[in-house]
Amino acid sequence: MQRAASAAAHLGFRGQALSLVPGRGLSGTQDALRRTPLYDFHLAHGGKLVAFAGWRLPVQYRDSHVHSHLHTRRHCSLFDVSHMLQTKIHGRDRVKLMESLVVGDIAELRPNQGTLSLFTNEAGGILDDLIVTNTSEGHLYVVSNAGCRDKDLALMQDKVRELQSRGSDVGLEVVDNALLALQGPTAARVLQAGVADDLRKLPFMTSAVMEVFGVPSCRVTRCGYTGEDGVEVGQGVGAGQRWTRANTHGPLVSTQISVPVAGAVRLATALLGNPEVKLAGLAARDSLRLEAGLCLYGSDIDEHTTPVEGSLGWTLGRRRRAAMDFPGAAVIVPQLQGKVQRRRVGLTCEGAPMRPHSPILSAEGTVIGAVTSGCPSPCLKRNVAMGYVLSEYSRPGTPLLVQVRRQQQVAVVSKMPFVPTNYYTLK
């Protein structure tokens, strides 16, 4: 397990939401760590388990982190992301509830279309990033970060209570189900062998409920966090506890029964039966998302970062910008047209890898920011990172310095993604 801990440190995991504790033995506070339905499956396949956001999850398997990373880019890999918080928003006023919390235009989503959005506070800070899908079954399906589980649930529960007290028809359900991500250029071909639906008709950020390798009622969403084509597979409809309309005196949250362990293991086993598929863990997921220029909450964005500072202004719906009716709009919308003091940028450099908290300096040696994520890129064979710099230094091609191990080395502001993305869109 020392090797697993080294891999985590090598990738620059930091912060409470990214705490990784190596070791198989469970004692003390580790007894409280949650396990996904694939916990024993991971152990049987050589998974090196660590503590992550309150869960025991594999950081890597028998293959090295770099091998898993490259396999995902060239073939496809299976990730267990069951630790993510899954919720459903029910009722006639479900869109009203969600739009009172996020910056996106949820009302414009077509049936079974999803979007990346952001919970924000009144100061314009990002509380979490999440995916919201407008399902054809009459509810919103929301996937958000495990490290923000408690505050996300509290945020949504409080808003449900508020709206219900005003007579709105809305309710919240926690979905305690397995969630698997199959990522890579051959992912769709691998999955197609186990479904009757034509996946060529399922473009990026859309979903459908289908049977997958004999496991019924799975929601298959064309998305992921690696920059590659791929899908996330979770439980769809027809299983577990059904939601009933909540009122101000009833329970605000019901818990749906998780996908049976046998079902989750059955699906993972079927996928691994294809030689294109290998298991991958947190280490590969982190370096893949960094190459794709995707943020990690708690490192690259947080409550003290606005969407504009984080280069996420594109998540703001046009209608929402005009109405200025989301939390923090008075701060965020003017930033779209004016100047912000700092911006998130990509960086490349030779020499020692850039690590979180490494100071970023101007060519003259003045500190102008700090690195938030960094690692050697397995695909590019050079160091990549993202961080925040004063806006006047954010133009791509700007030469800068990064202090690594008390040494200053030359870095260049680079466009992101560092590696081209391969999301599937209809031709």
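**Close-up 1. Aspartate 63 and its salt-bridge partner.** With a relative accessibility of 28%, aspartate 63 counts as partly exposed. This is a predicted model, and here the side chain of aspartate 63 meets that of lysine 278 in a salt bridge, at 3.5 Å from N to O. Look for lysine 278 in strand β15 (residues 277-279) and for aspartate 63 in the loop between β3 (55-60) and α3 (65-74); the two sit 215 residues apart in sequence, so their pairing ties together distant stretches of the chain. Lysine 278 is partly exposed too, at 29% relative accessible area.

**Close-up 2. Aspartate 169 meets arginine 92.** These two side chains form a salt bridge of 3.4 Å, again taken from N to O. Aspartate 169 belongs to the loop between α5 (149-165) and β9 (171-175), while arginine 92 belongs to the loop between β5 (85-90) and α4 (94-99), so this bridge links parts that lie 77 residues apart in sequence. Which partner is buried, and which is exposed? Aspartate 169 is the buried one, since its relative accessibility is 7% and the cut-off for buried is under 20%. Arginine 92, at 62%, counts as exposed.

**Close-up 3. More charged partners.** Side chains of opposite charge can pair up when their charged atoms come close. Here arginine 200 and aspartate 198 do just that, with a salt bridge of 3.0 Å between N and O. Arginine 200 is exposed, with 60% relative accessible area, whereas aspartate 198 is partly exposed at 27%. Elsewhere, salt bridges link Arg73, Glu228 and Glu291 into a network. How many salt bridges are there in total? The count comes to 18.

**Close-up 4. Strand β7 between two hairpin partners.** Strand β7 covers residues 126-134, and 8 of its 9 residues are buried, so the rest of the structure largely encloses it. One partner is strand β6 (residues 113-120), which runs antiparallel to β7 and is joined to it by 8 bridges. To find your place along this pair, look for serine 117, which stands opposite leucine 130 of β7. The two strands make a hairpin with 5 residues between them, and glycine 124 in that turn has a positive phi of about 90°.

**Close-up 5. From β7 on to β8.** Strand β8 (residues 140-144) also pairs with β7, in the antiparallel sense and over 5 bridges. Isoleucine 131 has valine 143 in β8 as its bridge partner. This is a hairpin as well, with 5 residues between β7 and β8. Its turn holds glycine 138, whose phi is positive at about 90°.

**Close-up 6. A closed barrel and a helix packed on it.** Follow the strands in the order β16-β19-β18-β17-β20-β21 and you go around a closed barrel of 6 strands with antiparallel pairing. From one strand to the next, the twist averages 40°. Where do β16 and β21 come in? Strand β16 (residues 342-349) pairs with strand β21 (residues 407-414) in the antiparallel sense, over 4 bridges. Leucine 347 is a handy marker here, standing opposite valine 413 in β21. Helix α8 (residues 282-291) packs on the sheet, where it touches β18 (367-377) and β19 (382-390). The direction of helix α8 makes about 120° with that of β18.

Methods:
Residues are numbered from 1 along each chain as its sequence is written. This is a predicted model: local features need pLDDT of at least 70, side-chain atom pairs count only at pLDDT 80 or more; totals for chains, interfaces and linings use all residues. Side-chain values use heavy atoms; hydrogens and water are left out. A salt bridge is a side-chain nitrogen of Lys or Arg within 4 Å of a carboxyl oxygen of Asp or Glu. Buried means under 20% relative accessible area, exposed over 50%, partly exposed in between (1.4 Å probe, protein chains only). Two strands pair if DSSP finds at least two bridges between them. Axes are lines fitted to C-alpha atoms, for helices over the stretch in contact, and angles run from 0 to 180 degrees between N-to-C directions. Contact means heavy atoms within 4.5 Å.
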